[in-house]
Amino acid sequence: MLQAKYSVEEKQAHFLSNYKTYGFKDKSSMLRAAIKHFMKKIELESLRKSADLYSEIYSKDDDLKELTETAVTGWPE
């Protein structure tokens with residue numbers, strides 16, 4: 001595992017010092033969990049934006065709607 005030095009605000013440092021209260025073995029594991037959570041949140045937001053964009057494109061493209069309907073014809077409900 002890599003080691004790095006970062007600066008945090010006093011309030012954040014105080015929060016990190018309570019790592020045991022939140023079930024973490026140390027400050028580093030708490031910080032890693034927070035970063036992992038943030039990364040997933042950003043990825044999910046990106047996927048939602050992508051889905052919204054595809055939905056917008058689909059709603060404006062009659063040829064694509066027709067193609068989709070043709071492909072779905074005959075599939076079980």
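**Figure 1. Crossing of α2 and α3.** The axes of α2 and helix α3 (residues 62-72) come within 5 Å and cross at roughly 95°. Angles of 65 to 115 degrees count as roughly perpendicular, so α2 is roughly perpendicular to α3. The model shown here, as in every view below, is predicted. From α2, the contact residues are Tyr58, Ser59 and Lys60. From α3, they are Asp62, Leu64, Lys65 and Thr68. Sorted by class, this contact of α2 with α3 holds three charged, two polar and two nonpolar residues.

**Figure 2. Crossing of α1 and α2.** Two packed helices are described by the angle between their axes and the distance between the axes. For α1 and α2, the axes cross at roughly 110° and come within 9 Å. That angle makes α1 roughly perpendicular to α2. On the α1 side, Phe15, Leu16 and Ser17 make the contact. On the α2 side, Lys27, Met30 and Leu31 do so. The class count for the contact of α1 with α2 is four nonpolar, one polar and one charged.

**Figure 3. The largest pocket.** Its volume is about 450 Å³. Residues of the lining include Met1, Leu2, Gln3, Ala4, Tyr6 and Val8. Leu16 also lines this pocket. Further along the chain, the lining takes in Lys27, Ser28, Leu31, Arg32 and Ile35. Which helix gives the most to the lining of the largest pocket? Helix α2 (residues 27-60) does, with five residues. By class, the lining of the largest pocket has eight nonpolar, two polar and two charged residues.

**Figure 4. The second largest pocket.** This pocket has a volume of about 180 Å³. Val8, Gln12, Phe15 and Leu16 are among the lining residues. Met30, Leu31 and Ala34 line the second largest pocket too. Helices α1 (10-17) and α2 each supply at least two residues of this lining. How many residues of the lining of the second largest pocket are charged? There are no charged residues; six are nonpolar and one is polar. Val8, Leu16 and Leu31 appear in this lining and also in that of the largest pocket. Phe15, Leu16, Met30 and Leu31 line the second largest pocket and also belong to the contact between α1 and α2.

**Figure 5. The whole chain, for orientation.** The secondary structure comes to three helices and zero strands. From the N terminus on, the elements run α-α-α. The C-alpha trace spans about 60 × 25 × 25 Å along its principal axes. The protein has a radius of gyration of 23 Å. A compact globule of 77 residues would have one near 11 Å.

Definitions and conventions. Residues are numbered from 1 along each chain as its sequence is written. This is a predicted model: local features need pLDDT of at least 70, side-chain atom pairs count only at pLDDT 80 or more; totals for chains, interfaces and linings use all residues. Side-chain values use heavy atoms; hydrogens and water are left out. On a 1 Å grid over the protein atoms alone, a cavity is a set of points where a 1.4 Å probe fits but cannot get out, and a pocket is an open set with protein on both sides within 12 Å along at least five of seven lines; lining residues have an atom within 4 Å of a point. Grid points are joined across faces, edges and corners, and a volume is the space filled by probe spheres set on the points. Helices (H or I, at least four residues) and strands (E, at least two) are DSSP runs, numbered from the N terminus. Ala, Val, Leu, Ile, Met, Phe, Trp, Tyr, Cys and Pro count as nonpolar, Asp, Glu, Lys and Arg as charged, and the others, Gly among them, as polar. Axes are lines fitted to C-alpha atoms, for helices over the stretch in contact, and angles run from 0 to 180 degrees between N-to-C directions. Angles under 35 degrees count as roughly parallel, over 145 as roughly antiparallel, 65 to 115 as roughly perpendicular and the rest as oblique. Contact means heavy atoms within 4.5 Å. The radius of gyration is taken over C-alpha atoms; the globule rule is 2.2 Å times the number of residues to the power 0.38.
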